[in-house]
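Reader: I would like a close look at one part of this complex, set carefully in the context of what surrounds it. Please take your time and keep the account connected.

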Amino acid sequence: MSGTITPDAPAREAAGRPTGRSLLLTVPIALWGMLMFSRSLQVPGAAPKVAALLTFLFMTGLFFLMMRTKETHRWRRVFFVTLGFLFPVGFIWDLIALRGSMSIPIERMIGGDTPFCFLAIPMMIVPAAFTRTLIFPGSILPTASNPHAVATMVALWLSATLVLGKGWCAYGCFFGGIEEGFASLPKKPRIRQVDPRWRWLPWAMLAAIVLLSAASFDAVYCMWLCPFKAVTEFPEVRSAQTAVQFAVFGSLFAGLVVVLPFLTRLRTQCAFFCPFGPFQALSNRLSVFDVRIDRTRCTDCVTCRRACPTLVLDEGAVRRGRAGMSCMKCGACVDACTKDAVRWHIKGTALSASSETARLLYLFPAWAFATLFGGSIIAGTLAKLLQWLH
Amino acid sequence: MRRLKAVLGYTGAVLTSVAMLVMPFVLFPLFTHGVAATGVQVDPVYGGGRTARIIARDGYRIVVNQPVRSRALLARPAPFVQLAWEPAAALPAHVADAVDLDGDGRADLIARFDVPADTTAALFVDVAPADAALRPLRHVSRDSFSSLIARVGDRIVVRVPLAR
């Protein structure tokens, strides 16, 4: 940001965009942000308005920095980690206000008051297809006591998938933001060598939970394996079974979301455990955006492979010249490459086509989604905190 | 051909931005209504099943649902029948109701429970079945999805397990 160019700095940083042009490119996102956050003006009280203004400045400012520096990952990460840490604060805040506890009692479940989570979607499909029933204790349409209904969340996910593909995992998934936060704490990884074969584990997990959920008519991952239950809500501990469930949630969260990301600088839960990741990776086929490696520029320095937080960019991918199907388009590898060999790309275009044009065409909708979805979560939590401080 | 592919690629990229612009106003409501229009329902193990009959009482009513049997192949919960006393505010301090589940004129069970004034207080139910298809409940609170008494909104829901 200071404008100092180190000898090994990426070529694009040396050619950082002029301020005026960067501001011009930020205008559409600023207008979008105004449109999205203007709804807060109708909410009574000063806190929601101040929170909306702060969030607007935060999101627009980060986008300006993306334009000015031509770097994606660094600024996206600031937003994503903020989202990851503010989401549970706001969610738990609401739970405590609503029922005085993070645990969900059985009467809330049978009343359809469990907020639906997108992670449950892969488990719902087979039972819904064969029996037209959803194996989740929520409600189909929003109610006063449960605004996060199944139809609402599925619609949000479908819309996001259409726009972002697997980019959901880098611009939308608030859970990913938590581990990205812990992964970015150390400057260097304590554990450097992680066998890339571990990244096939989420595919096995996806197959297992889809089959088990269909056979048991129960959202198996949500009931037994989701690490993020530890920071959202979990079944009320009333028996040995629910005590074991709670212990599993806590252990997985501590291990996969806190300790291992800190030790490896990887998003270990996303890379080695989350079944939603591979499910979402299928949508990358729909997206016109991908990340390619220009072999004529690549020197096999492995900088990009080290930068990839989910080990999607491995030796084979670099050799093939394209990131794997599970690439979430966070931009870490593109930003890390000092030779401009790793490039944003639009399918159908030549590899020599402008990487920056492809990046811009991806970033506008991606950041618009981040502002709409993540921005509203950040603003909502900020409003609660401001109200509390006041 | 390469040029056509490139044009299609850029067209797709621009359409992605268009899709994003219309997302909150068009796509999101469209998909929400689309999901609701598929007719999918929450699993009756959670929802309690469809209403079979409604029995009027003095100042309140008992809603009897159809029996619910899980379609699970593994770890199948016990089948149950759900009854709901509503509105809870109109119930006497102690309820002892003989309930005819199937409308054949004979009581199938007698349910007894107290209704404390404190709406957060724990509830306990005793159910004495007169029908071999039903299983008794003794001082049950919220044991499982198949055996429970719980205050759900302005209703008191009782689930009586059925013999498998």
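Into which domains is chain A divided, and what can be said about the side of chain A that touches chain B?

Author: This is a predicted model, and chain A is divided in it into domain 1, made of residues 6-97 together with 354-390, domain 2, which covers 102-286, and domain 3, which covers 288-353. The mean pLDDT of chain A is 92, with 96% of its residues at 70 or more. A passage to read with caution is residues 1-9 of chain A, where pLDDT stays under 50 and where the model has five contacts beyond four places in sequence.

Turning to the side you asked about, 45 residues of chain A are in contact with 40 residues of chain B. The elements of chain A that give two or more residues to this side are α5 (106-110), α6 (121-131), β2 (133-134), α7 (150-164), α10 (201-216) and α18 (355-389). Among these, α7(A) provides the largest share, ten residues. Sorted by class, the side of chain A that touches chain B has 30 nonpolar residues, eleven polar ones and four charged ones.

One of those elements also takes part in strand pairing across the two chains, since β2(A) and strand β1 of chain B, residues 41-42, pair in the parallel sense over two bridges. Within this pairing, Leu134(A) has Val42(B) as its bridge partner in β1(B).

A second place to look is Phe369(A), which belongs to the largest nonpolar core, a set of 167 residues in which Ala120(A), Val150(A), Val154(A) and Phe369(A) touch the most other members. The largest share of this core, 17 residues, comes from α18(A). Leaving aside neighbours within four places in sequence, Phe369(A) is in contact with Ala160(A), Val163(A), Leu164(A), Tyr171(A) and Gly172(A), and also with Met20(B) of the other chain. As a general background to such a core, nonpolar side chains tend to be buried together in soluble globular proteins.

A further contact between the chains involves Tyr10(B), which lies in helix α1 of chain B, residues 2-37. Beyond residues up to four places away in sequence, Tyr10(B) touches Ile346(A) and Thr349(A). Tyr10(B) counts as partly exposed because it has 18 C-beta neighbours inside 10 Å.

The helix α18(A) also matters for the description of how the domains of chain A meet. Here 16 residues of domain 1 of chain A are in contact with 15 residues of domain 3 of chain A, and the C-alpha centres of these two domains lie 25 Å apart. On the domain 1 side, α1 (11-14), α4 (73-99) and α18 of chain A each supply at least two residues, and α18(A) gives the largest share of that side, six residues. By class, the side of domain 1 of chain A that touches domain 3 of chain A has five nonpolar, five polar and six charged residues.

Both α4 and α18 of chain A appear again around helix α9(A), whose buried residues pack against α4, α8 (168-171), α12 (240-264), α13 (268-272) and α18 of chain A. Ten of the ten residues of α9(A), which spans 174-183, are buried, so this helix is largely enclosed by the rest of the structure. Among these buried residues are Phe174(A), Phe175(A), Ile178(A) and Phe182(A), together with Glu179(A) and Glu180(A).

Two loops of chain A deserve a look at the backbone. Phe217(A), in the loop between α10 and α11 (220-225) of chain A, has phi near 50°, a positive value in a residue other than glycine, and Phe217(A) counts as buried because 21 C-beta neighbours lie inside 10 Å. Asp300(A), in the loop between β4 (289-293) and α15 (303-307) of chain A, likewise has a positive phi, near 55°, but Asp300(A) is exposed, with 12 other C-beta atoms within 10 Å.

Finally, chain B is divided into domain 1, residues 1-40, and domain 2, residues 45-161, and the C-alpha centres of these two domains lie 47 Å apart. The peptide bond from Glu86(B) to Pro87(B) is cis, with omega near -10°, and Pro87(B) has its place in the loop between β4 (80-86) and β5 (94-99) of chain B.

Note on methods
Residues are numbered from 1 along each chain as its sequence is written. Chains are lettered from A and ligands numbered from 1 in the order in which they are written. This is a predicted model: local features need pLDDT of at least 70, side-chain atom pairs count only at pLDDT 80 or more; totals for chains, interfaces and linings use all residues. Two residues are in contact if their C-beta atoms, placed from the backbone, lie within 7 Å. Helices (H or I, at least four residues) and strands (E, at least two) are DSSP runs, numbered from the N terminus. Ala, Val, Leu, Ile, Met, Phe, Trp, Tyr, Cys and Pro count as nonpolar, Asp, Glu, Lys and Arg as charged, and the others, Gly among them, as polar. Two strands pair if DSSP finds at least two bridges between them. pLDDT is the predictor's confidence in each residue, from 0 to 100. Domain bounds come from an automatic or database domain assignment. A residue is buried if 20 or more other C-beta atoms lie within 10 Å of its own, exposed if 12 or fewer, and partly exposed in between; C-beta atoms are placed from the backbone. A nonpolar core is a set of buried Ala, Val, Leu, Ile, Met, Phe, Trp, Tyr and Cys residues joined through C-beta atoms within 7 Å.
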